[in-house]
Amino acid sequence: MTTSPRTTTRAPAFDPELQEVLRNADGHTIAVGIRPDTVLAERAAVEQRIVSYADIAADPRFELSARTAPGTGGNPPVELLVATPATRREGRPVLFVTHGGGLIFGNARYGLPGVLDLAADLDALVVSVEYRLAPEHPFPAAHDDAWAALLWTVREAAELDADPASVVLFGGSAGANLAAGLALRARDTGEVTPRGQLLIYPMLDDRNDTPSARQMHGIGVWDDVSNHTAWESVRGPAGRELPAYAAPARADSLADLPPTYLEVGSAETFRDETVTYAQRIWSCGGDAELHVWPGAFHGFDLFAPTSTVAQRARTARREWLHRLLRDDRQ
């Protein structure tokens, strides 16, 4: 895999509300140009912006608890955050959350407040995974941690007052990478059957060579340089070719996956690989809903949560989940 060179092809214009966010950002970019020697500094900066456990625990809509799932295959235990709606009832759906951060930064609290808003509307339980990060822990560490946590969630569903048949894999960016990899592994092994997968601006293809990756070189949010650094961190020092569970775009077939929601911005690195992934699901006769938000950059809903496009995206996610879970209960 190589980092894409600067291209003369113009990227789509940013949405005006989102462009204002970039104007107010240092250097008019966010998480652009991350290199191996800056990963730790970027991680520290992100951690400063993540909401605290105490602040999340103060949300009266949920009871927050820290749990531990046993690792699989000799791996260490996996820490989890479980947010249970304050009003108890049995058989709730589960949003199984793997956080974003390029697989190189973030934790189980990263982006969680927005997920809780969605869960409250759905009366759903949330399980968020504290997986190991690259480059210290290359593939399969994060994937195996998420898999162990998913097995635990299904196994402990009764104790959690959850419905094991209504577990939705939910992730943004690197979290969507893990969600997609889990869906493939679940299909292949038959050990669990997720109800659906919700993939928000997913990180799917380690080859980093699409037109959208080249368009976003050095601009916007999460460019091809940062993407290259993240994938090389996941690959590890051996420089090996990654399997489909690590890079879902490499899967030979996308048949027999659960219903899938995908969204991406038109002005971001992951645009083309997301569209291609949806097309490949359709070509196998699968169920996929795709949204490409005009002028949106990577992580637009996190950096500009009050923007019109972010509100439209949250509405689309919520409506898809309501339809998915309503169908599940008929």
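1. Strands 6 and 7. In this predicted model, strand 6 (residues 162-172) runs parallel to strand 7 (residues 196-200), and five bridges hold the pairing. One contact to look at is Val 168, whose bridge partner in strand 7 is Gly 196.

2. The sheet around them. Strands 6 and 7 belong to an open sheet of eight strands. The order is 2-3-5-4-6-7-9-10, and the pairing is mixed. Strand 2 (62-69) and strand 10 (288-293) form the edges, each pairing on one side only. Neighbouring strands are turned by 20° against each other on average, direction ignored.

3. Ala 162. This residue sits in strand 6. Is Ala 162 buried or exposed? Its relative accessibility is 8%, so Ala 162 counts as buried, the cut-off being under 20%. Leaving aside residues up to four places away in sequence, Ala 162 touches Gly 91, Arg 92, Val 94, Leu 125 and Ala 157. Thr 72 lies 90 residues from Ala 162 along the chain, and their C-alpha atoms are separated by 22 Å.

4. Strand 3. Seven of the eight residues of strand 3 (residues 78-85) are buried, so this strand is largely enclosed by the rest of the structure. On one pairing, strand 3 runs antiparallel to strand 2, with eight bridges. On another, strand 3 runs antiparallel to strand 5 (residues 125-130), with five bridges. Leu 81 appears in both: it is the bridge partner of Ala 66, and Leu 81 also has Ser 128 in strand 5 as a bridge partner.

5. Tyr 201 and Phe 300. The model has four aromatic pairs. Why is the pair of Tyr 201 and Phe 300 edge-to-face? The ring centres are 6.1 Å apart and the planes stand at 70°, so the pair falls in that class; the class needs planes over 60 degrees apart. Tyr 201 lies in the loop between strand 7 and helix 7 (211-215), while Phe 300 is in helix 10 (residues 300-303), so the pair ties together parts 99 residues apart in sequence. Both Tyr 201 and Phe 300 are buried.

6. Tyr 261 and Trp 320. This aromatic pair is tilted, with 5.7 Å centre to centre and 50° between the planes. The pair links distant parts of the chain, 59 residues apart: Tyr 261 is in strand 9 (residues 260-265) and Trp 320 in helix 11 (residues 308-329). Tyr 261 is buried, at a relative accessible area of 0%. Trp 320 is buried too, at 5%.

Note on methods. Residues are numbered from 1 along each chain as its sequence is written. This is a predicted model: local features need pLDDT of at least 70, side-chain atom pairs count only at pLDDT 80 or more; totals for chains, interfaces and linings use all residues. Side-chain values use heavy atoms; hydrogens and water are left out. Two strands pair if DSSP finds at least two bridges between them. Helices (H or I, at least four residues) and strands (E, at least two) are DSSP runs, numbered from the N terminus. Axes are lines fitted to C-alpha atoms, for helices over the stretch in contact, and angles run from 0 to 180 degrees between N-to-C directions. Buried means under 20% relative accessible area, exposed over 50%, partly exposed in between (1.4 Å probe, protein chains only). Contact means heavy atoms within 4.5 Å. Rings of Phe, Tyr and Trp (its six-membered ring) pair if their centres lie within 6.5 Å; planes under 30 degrees apart count as stacked, over 60 as edge-to-face and the rest as tilted.
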